[in-house]
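Colleague: I am new to reading models like this one. Could we go through it by question and answer?

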Amino acid sequence: MANETMAKETSGVNATLESHELGKGQELHQTAGGSHPQMTNQRGTVVSDDENSLKANERGPDLLEDFFNVEKTQHFDHERIPERVVHARGYGARGHFELTDSLAGISKAGVLNRVGEKTPVFVRFSTVAGNMGSADTARDVRGFAVKMYTPEGNWDIVGNNIPVFFIQDAIKFTDLIHAAKQEPDRGFPQAQTAHDTFWDWASLTPESTHMLMWIMSDRAIPRSFRMIQGFGVHTFRLVNEEGKSTYVKFHWRPKLGMASVVWDEALKISGADPDFHRRDLWNAIDEGNFPEWELGVQLFDEAFAEKFEFDVLDATKLIPEEVLPLRIVGKMVLNKNVDNYFAETEQVAFATTDVVPGIDFTNDPLLQGRNLSYIDTQITRLGGPNYEQIPVNAPRCPVMNMQRDGHMTMRPQKGRVSYSPSSLESDTPRQDPIHGFTSFPAKENGDKLRVRAESFADHYSQALLFFKSQAEPEQNHIISAFIFELSKVETKSVRERMVGQLANVDATIAQRVAKGLGMKGEIKRIPTKVPARTDLPVSDKLSILKTMKPGVATKQIGVLVADGTDAAQVLALESAAAKMGAQVKIVAPKVGGAQAADGSMLEADFQLAGGSSVLFDMVFIALSEMGAKMLSTEAAAVAWVHDAFAHLKVIGATAEAETLLKRSGVIVDKGVLVGGLPEAFLEVAAAGRIYSREPSVRTVY
Ligand code: HDE
């Protein structure tokens, strides 16, 4: 039957295949049922056979005229586009922003004026250093980029989960990234800063010290994208109808509060589930547990900026919330997963210059440099200047101007006139001085110079402030992270120089790191003109542990079962967990499940070897005596329990599971509940990890 006729006569692939004479040895594929649409090529021609290429004879060579095969393969050959030079590994979702407190009078931006209006958003979370295929849980800053499709144009807040940055001037960005990425001669390591070039650069770049404290902290190993804060980092301007400017810093605050994993766990998750964060976000949205953030702003004027102890244009500094509280003005909900990862998450293009009237820039030299970089990079990455026409990037308001043509133009612009001024047509777009974007007329004068402002010179005070503001376990983690990273540095002089920089923050911090590195001799402090101030009051808001929100909602409980498990106990845990919004995941030696003591089957979510305890927030060992004995000789089970203990998780267990607990080196503490009720286990788990256990499982330097 000819292709064209078949296209008219059949309504689905099933019918097409059935009416098609199958090739020798070819079987009809089983389908999921339903009415499948016809498969076509990219030009719309219906495909009659997607299994066999066109050959000169049954065992002969392929024919070039097989345009179906040629098109399919050529398309495949071009499936990849250049990955982002930084933030290559990311994951996105859709949702909306809703203003709850109007900033009318402060900013004329409609999105910050119209209370209750829901503005669609696309958010992409990312790591910075790793390539697209790297693991989600690498120690790194998380990108937190929000695109708001406002009726006045797209507004992007292209932020991070850390409120400060490594450098003060954009001209240093290339160096930072080259130092952090794979070393150019050997092409490794990727997705980590734990190597010579990064620490060589960092130890020679005192302005990075504050940020180093943050990336060595637990902020850099978040439990979930849903549990990170976001920051615009720079000081921006809000501009009102009268042209008055107010400085602003943007903050996103997760409704669930912040939470992190522990470092050894992060390393193991990278192997057990490199997609840990994206899977978590996808699942949460898929299940209707929509993540939410509040938008907070720190608003201030010139007078505040003048008297604040650091320069508000310096992106290596933050303004503590205790000094300038947040005003919560809205909330953002992510409630829709993407339909297609590539079309949306990969092709989304953020830019700091995507702003609307009422939002404006300051002279922060990092922001100024970023304003050049983003559109430029998209042109290469997405193949031309029309990437704004791709649906995920297209504004949800009219776009009319005299820009024309170029690769992949999708808007067929009508008319003769493609220039301005013009008189030939009555409907050509015109500039609008009243409603259009106008830049704040900041006064500029002085000499043209390549300099770093004197007011940017203090590199250590806020590094110390951050460290001092952490809870003790968090401080210990920062020290351990420096030790881990610098232990991967092969060049001794680099290790020593970095410790010499840390001595500028605080002698004890440097000594603790030196001790962990086994460094002998006196620490050589790097000379600095501006020593760290020790008088800055601590800011509890900078700590995850001091601000943590208790609860188990959307948390994952790994339950280890085997043949002989008491099914009633598992059911009781499931029902108690459901009441508190936590999720039970059954891990069994076989994915087919386990046969409970009463003969019923307990269905498994994970097979033991693929369901490592690092994937769960807390664990319950629901084993019979026989089951515990059997699993005591199973390395995966012993590691499962041992890791949960070492990762400071709350562990619940049946009294019969004791053999396995002992074999795994578990020492009973307030986070190990043997033979208790599920409610008691969940109550303890709601308070989070057992950080007090830490000194018994790893050295604190
Ligand atoms: Fe970026 N950054 N950046 N950056 N950045 C990019 O743009 C750049 C900086 C941030 O999910 C690139 O589309 C320069 C600070 C995020 O798609 C590129 C400088 C902050 C994302 C670029 C900075 C960020 C990017 C690479 C120093 C936090 C991911 C691909 C002046 C406030 C957005 C791309 C996404 C991505 C340049 C520093 C956040 C090359 C030159 C500071 C969240 O344009």
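The turns below cover the ligand, one strand and one helix.

Modeller: This is a predicted model, in which local features need pLDDT of at least 70, side-chain atom pairs count only at pLDDT 80 or more, and totals for chains, interfaces and linings use all residues. Residues are numbered from 1 along each chain as its sequence is written, and side-chain values use heavy atoms, with hydrogens and water left out.

Colleague: Which residue is the only protein donor of the iron atom of the ligand?

Modeller: Donors are N, O and S atoms within 2.8 Å of the metal (3.2 Å for Na, K and Ca); water is not among the atoms, so sites may look incomplete. One protein atom qualifies here, an OH at 1.9 Å, and the only protein donor is Tyr374.

Colleague: In which helix is Tyr374 found?

Modeller: Helices (H or I, at least four residues) and strands (E, at least two) are DSSP runs, numbered from the N terminus. Tyr374 falls within residues 365–381, which form helix α11.

Colleague: Which element gives the most residues to the shell around the ligand?

Modeller: A residue is near the ligand if one of its heavy atoms lies within 4 Å of it. By that rule 22 residues surround the ligand, and the closest include Arg84 and Gln378. A polar side-chain atom of Gln378 lies 2.7 Å from an oxygen atom of the ligand. Among the elements that give two or more residues are β3 (142–150) and β4 (153–160), but the most, six residues, come from α11.

Colleague: How many of the nine residues of strand β8 are buried?

Modeller: Buried means under 20% relative accessible area, exposed over 50%, and partly exposed in between (1.4 Å probe, protein chains only). Strand β8 spans residues 292–300 and is mostly covered, the number of buried residues being eight.

Colleague: Which strand is joined to β8 by six bridges?

Modeller: Two strands pair if DSSP finds at least two bridges between them. Strand β7 (residues 245–254) is joined to β8 by eight bridges and runs antiparallel to it. The strand with six bridges, also antiparallel to β8, covers residues 327–337 and is β9.

Colleague: Why is helix α12 largely enclosed by the rest of the structure?

Modeller: The buried residues of α12 include Leu464, Phe466 and Phe467. Their cover, counted by contact (heavy atoms within 4.5 Å), includes α6 (209–215) and α13 (472–487). Helix α12 (residues 461–469) is largely enclosed because, of its nine residues, the number buried is eight.

Note on methods. Polar contact = N/O pair within 3.5 Å; in protein donor to acceptor, adjacent residues only side chain to side chain.
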